[in-house]
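User: Please take a close look at the aromatic side chains in this model. Explain how they sit in the fold around them.

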Amino acid sequence: MIRRIKGTLDVFGEQACLWRYIESTFIETVRSFNYREVRTPIIEPVELFVRSVGEETDIVRKEMYVFEDKGGRRVALRPEGTAGIVRAYIENGMNRFGAPQKFFYIGAMFRYEKPQAGRQRQFHQLGVEVFGSPSPFADVETIHIAMKFLKNLGLDDARLHVNSIGCPKCRPSYKDALKKYYSEYLQELCEDCRIRYDRNVLRLLDCKVDSSIAEKAPRIQEFLCDECREHFVKVCKALDTLNLKYTVDPKLVRGLDYYTRTTYEIKVPYLGAQDTLIGGGRYDNLVRELGGPSTPAVGFAGGIERIALALEKKGIVVPRDILIYVATAGQDDTYAAAITVAETLRDRGFCVEIDLMERSLTSQMRYANRAKADYVVMVGEDELREGKFTLRDMKTGEQRKLTLHEMVEVLEKACKPLHGDS
RNA sequence: GUGACUGUAGCUCAGCUGGUAGAGCGCCUGACUGUGGAUCAGGUGGUCGCGGGUUCGAAUCCCGCCAGUCACCCCA
């Protein structure tokens, strides 16, 4: 038996419905803010990620799928979405359309990691990117979208954590201060932390082995330059205006090098170690660093698998279409009539199933019940003779004989509350 | 990449100290020659994750591999 590659997922049935529900809720939400879709390639030059995500990050150092194509090009499966979109923005000269430019995307990402629940090698992200606005209102709009999206899904218990990690002007002085502080504790640090000390000082803050040293470490807020501090204050104020609850988390450091100023994460308290549903932040220098015009930007990415897990954990179910099963009882001529009935109902927008197994009426009823059909229409000899069909409400067991026209009317009336008002 | 645990029917699991497999649920059919959910009867279903070793004999013991789960690393 050929089996799927480690860390990949086959998704179908109920679960696929859940994914589609997540995606369509996301699209609905971003459309209401007038964001436009962007689709970029899954394969990109390795160099793109080395220069954007960062040479020293784990993503680039050990998690990237890299190969050489037949033309000798060094190719990577994208480990995240932002880099490709920034590349596309520059390559297509999107800045000529003015600012801001607001995009959303949905797609597969790849990272070679040890899989566990909520962490796949092929995983799926949805996200937004805003180009051209240096304003804290842009940061907050992306957060607003993220929170509203989760709320629309029913995840109103998601918790927002925000921080500012400064800019190239003020961050170095903070890093120096951290190094100075930690240099006195080098002996007490865990093995990983000694590596972090040299490679990425900021990461020392969220060590899980021993947090007591980090507790007393200098806080970045005290090192922010005036511009960064003001920016952060405005972000917090705007969040208050929108009534979005948040926690300022000075230890919130993100793993990608391109972030400046605002960083944020949205977590849910019941998913174990993989509890971050959405992560994002501002990246004011990335467009320029990749060769484009100096363009501030901000965005987030959310993990579809994790959001799906959260919804499952909370027992949130996807609203289902009304299902009508057309059952045949009798000979071949009833089947012909049943098809016509089914098709008429489909043309009216209903979701209609008909027997494909040539089973007995009893079996068809069993099937309809199992498929959670809301109504069964029975088409048999009697119905053909009378020109009226039997409509059975599977919930109440009530049934009546109706002409096709009457049946459509009854069903449309009955389904209206479930389809919403229109 | 590191550590720990797990892997028996579609699903949840039982199978004691080695004697080549069971239950519940599900699914199919019937009781019910035009009616689902309840009940009853029958039926379908498994190279015991894969490979090797020990043994007269392995689902059971040993080793390796694969996959999953949990934590770390990191992140969505």
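Analyst: A charge counts as sitting over a ring if NZ of Lys or CZ of Arg is within 6 Å of the ring centre and within 35 degrees of the ring normal. The model here is predicted. Arg 121 places its charged end over the ring of Tyr 112, 3.8 Å from the ring's centre. Lys 179 lies over the face of Tyr 197, and there the ring centre is 5.2 Å away.

Now the ring pairs. A pair of aromatic rings is described by the distance of the centres and the angle of the planes. The whole structure holds 13 aromatic pairs. Phe 26 and Phe 104 make an edge-to-face pair, with 6.0 Å from centre to centre and 80° between the planes. This pair links distant parts of the chain. Phe 26 belongs to helix α1 (residues 14–31), Phe 104 belongs to strand β5 (residues 101–110), and their positions lie 78 residues apart. Phe 26 is buried, at a relative accessible area of 0%. Phe 104 is buried too, at 3%.

Tyr 181 and Tyr 185 form a tilted pair. Their centres are 5.1 Å apart, and the planes meet at 50°. Tyr 181 counts as buried because its relative accessible area is 15%, under the 20% limit. Tyr 185 counts as partly exposed, since its relative accessibility is 21%.

Some rings gather in a group. Tyr 89, Phe 103, Phe 131, Tyr 258, Tyr 259 and Tyr 283 form one aromatic cluster. Phe 131 is worth following from here. Leaving aside neighbours within four places in sequence, Phe 131 is in contact with Tyr 89, Phe 103 and Tyr 283, among others. Its contacts also include the nonpolar side of the list: Ile 85, Val 86, Val 287 and Ala 297. Gln 101 and Thr 295 are among the contacts as well. So is Pro 296.

Two further contacts of Phe 131 are Ala 99 and Pro 100. Those two residues are joined by a cis peptide bond, with omega at about -5°. Pro 100 is found in the loop between α4 (82–91) and β5. Strand β5 is also where Phe 104 sits.

Phe 131 also has a place in a wider core. The largest nonpolar core has 53 residues. Phe 49, Phe 131, Leu 178 and Tyr 182 have the most contacts inside this core. At least three of the core's residues come from domain 1 (13–167 + 238–314), and at least three from domain 2 (171–223). Another core lies apart from that one. This second core has 44 residues, among them Leu 150, Leu 244, Val 268 and Leu 311.

The domain layout gives the frame. Chain A is divided into domain 1 (13–167 + 238–314), domain 2 (171–223) and domain 3 (323–414). The centres of domain 2 and domain 3, taken over C-alpha atoms, are 69 Å apart.

Back to helix α1, where Phe 26 sits. Thr 25 is in helix α1 as well. Thr 25 is buried, with a relative accessible area of 8%. Not counting residues up to four places away in sequence, Thr 25 touches Phe 149, Asn 152 and Leu 153. After the helix comes a loop. Asn 34 is found in the loop between α1 and β1 (36–37). Asn 34 has a positive phi of about 60°, although it is not a glycine. Asn 34 is partly exposed, at 47% relative accessibility.

Lys 372 also has a positive phi, near 60°, in a residue other than glycine. Lys 372 lies in the loop between α13 (361–370) and β14 (375–380). Lys 372 is exposed, with a relative accessible area of 56%.

What about covalent links between cysteines? A search of the whole structure finds zero disulfides. The sulfur of Cys 167 has its closest cysteine sulfur in Cys 228, at 3.5 Å, which is too far for a bond because the limit is 2.5 Å. Cys 236 has its closest cysteine sulfur in Cys 228 too, at 13 Å, so a bond is ruled out by distance. Cys 167 is buried at 12% relative accessibility. Cys 236 is buried at 11%.

Notes. Residues numbered from 1 in each chain as written. Chains lettered and ligands numbered in written order. Predicted model: local features only at pLDDT ≥ 70, side-chain atom pairs only at ≥ 80, totals over all residues. Heavy atoms only, no water. Domains from an automatic or database assignment. Phe/Tyr/Trp six-rings, centres within 6.5 Å; stacked < 30°, edge-to-face > 60°. Helix = DSSP H or I, 4+ residues; strand = E, 2+ residues; numbered from the N terminus. Buried < 20%, exposed > 50% of the residue type's maximum accessible area, 1.4 Å probe, protein only. Core = buried A, V, L, I, M, F, W, Y, C linked by side-chain atoms within 4.5 Å. Contact = heavy atoms within 4.5 Å.
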